[in-house]
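Notebook open, coffee poured. I want to go through the rings, one helix and the strands, and jot down what I look up.

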Amino acid sequence: GDFLVKGLQQLSEQFPGLVSKVRGQGTFLAWDCKDAATRDKLVGALRNHGIQIGGCGDLSIRFRPSLIFAPKHAAQFLETFEQVLKDN
């Protein structure tokens, strides 16, 4: 969980206009986007890369991984998410 949280916090520092307010515990995490349109665009792009993720509320993305989720899966997610952020 710590690896994933730290990775998301680093991405929020790299892309402050796209990711903010990283929060949660373990692998049950969420973060905000600047607006609903950005959130929906990021959710769609992540899904197109095979990541099951969903929007929550007006601005948030909610991360709820499968029960089998190892550090290598967190690294794969963070790598994919970084690429999606760069593309947007």
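My entries follow, in the order I looked things up.

**Entry: status of the model**
Note to self before anything else: this is a predicted model.

**Entry: aromatic rings**
How many aromatic pairs does a search of the whole structure find? I get 5. I looked at F63 with F69 to begin with: the ring centres are 5.7 Å apart and the planes sit at 70 degrees, so I log this pair as edge-to-face. The angle is over the 60 degrees that edge-to-face needs.

Are these two rings buried or exposed? F63 is buried, at 3% relative accessibility. F69 is partly exposed, because its relative accessible area is 24%, and the cut-off for buried is under 20%.

F63 has another partner, F77. Here I read 4.6 Å centre to centre and 35 degrees between the planes, which goes down as tilted. This pair links distant parts of the chain: F63 belongs to strand β4 (residues 60-63) and F77 to helix α3 (residues 71-87), with their positions 14 residues apart in the numbering. F77 comes out buried as well, at 4% relative accessibility.

Stepping back, I traced the ring pairs and they tie W31, F63, F69, F77 and F81 into a cluster.

**Entry: helix α1**
Next I checked the length of α1 (residues 2-14). Its 13 residues should span 18 Å at 1.5 Å a residue, and the end C-alpha atoms are 18 Å apart, so expectation and model agree.

Which residues of α1 are buried? I list L4, V5, G7, L8, L11 and S12. They cover an arc of only 165 degrees around the axis, so they lie on the same side of α1. On the other side I find D2, K6, Q10 and E13 exposed. What do the buried residues pack against? I noted β1 (20-25), β2 (28-32), β4 and α3.

**Entry: strands around β4**
I then went through the partners of β4. With β2 the pairing is antiparallel, over 4 bridges, and W31 stands opposite I61 there. That W31 is also one of the residues in the ring cluster.

Strand β3 (residues 54-56) is joined to β4 by 3 bridges, again running antiparallel. On this side G55 is the residue opposite I61. β3 and β4 make a hairpin with 3 residues between them, and G57 in the turn has a positive phi of about 65 degrees.

**Entry: I61 and S60**
I61 sits in β4 and is buried, at 0% relative accessibility. Leaving out residues up to four places away in sequence, I61 touches L29, A30, W31, C33, R39, L42, V43, I53, G54 and G55. I also took a distance to V5: 56 residues apart in sequence, 14 Å apart in space, C-alpha to C-alpha.

S60 is in β4 too. Its relative accessible area is 11%, so I count S60 as buried. What does the side chain of S60 make a polar contact with? I found the side chain of R23, at 2.8 Å. With the same sequence neighbours left out, S60 touches R23, W31, D32, R39, G54 and G55.

A reminder for reading this stretch: in a regular strand, side chains alternate between the two faces of the sheet.

Conventions: Residues are numbered from 1 along each chain as its sequence is written. This is a predicted model: local features need pLDDT of at least 70, side-chain atom pairs count only at pLDDT 80 or more; totals for chains, interfaces and linings use all residues. Side-chain values use heavy atoms; hydrogens and water are left out. Rings of Phe, Tyr and Trp (its six-membered ring) pair if their centres lie within 6.5 Å; planes under 30 degrees apart count as stacked, over 60 as edge-to-face and the rest as tilted. Buried means under 20% relative accessible area, exposed over 50%, partly exposed in between (1.4 Å probe, protein chains only). Helices (H or I, at least four residues) and strands (E, at least two) are DSSP runs, numbered from the N terminus. The expected span of a helix is 1.5 Å times one less than its number of residues. The arc is that of the directions from the helix axis to the C-beta atoms. Contact means heavy atoms within 4.5 Å. Two strands pair if DSSP finds at least two bridges between them. A polar contact is a pair of N or O atoms within 3.5 Å; within protein, one must be able to donate a hydrogen and the other to accept it, and residues adjacent in sequence count only if both atoms are side-chain atoms.
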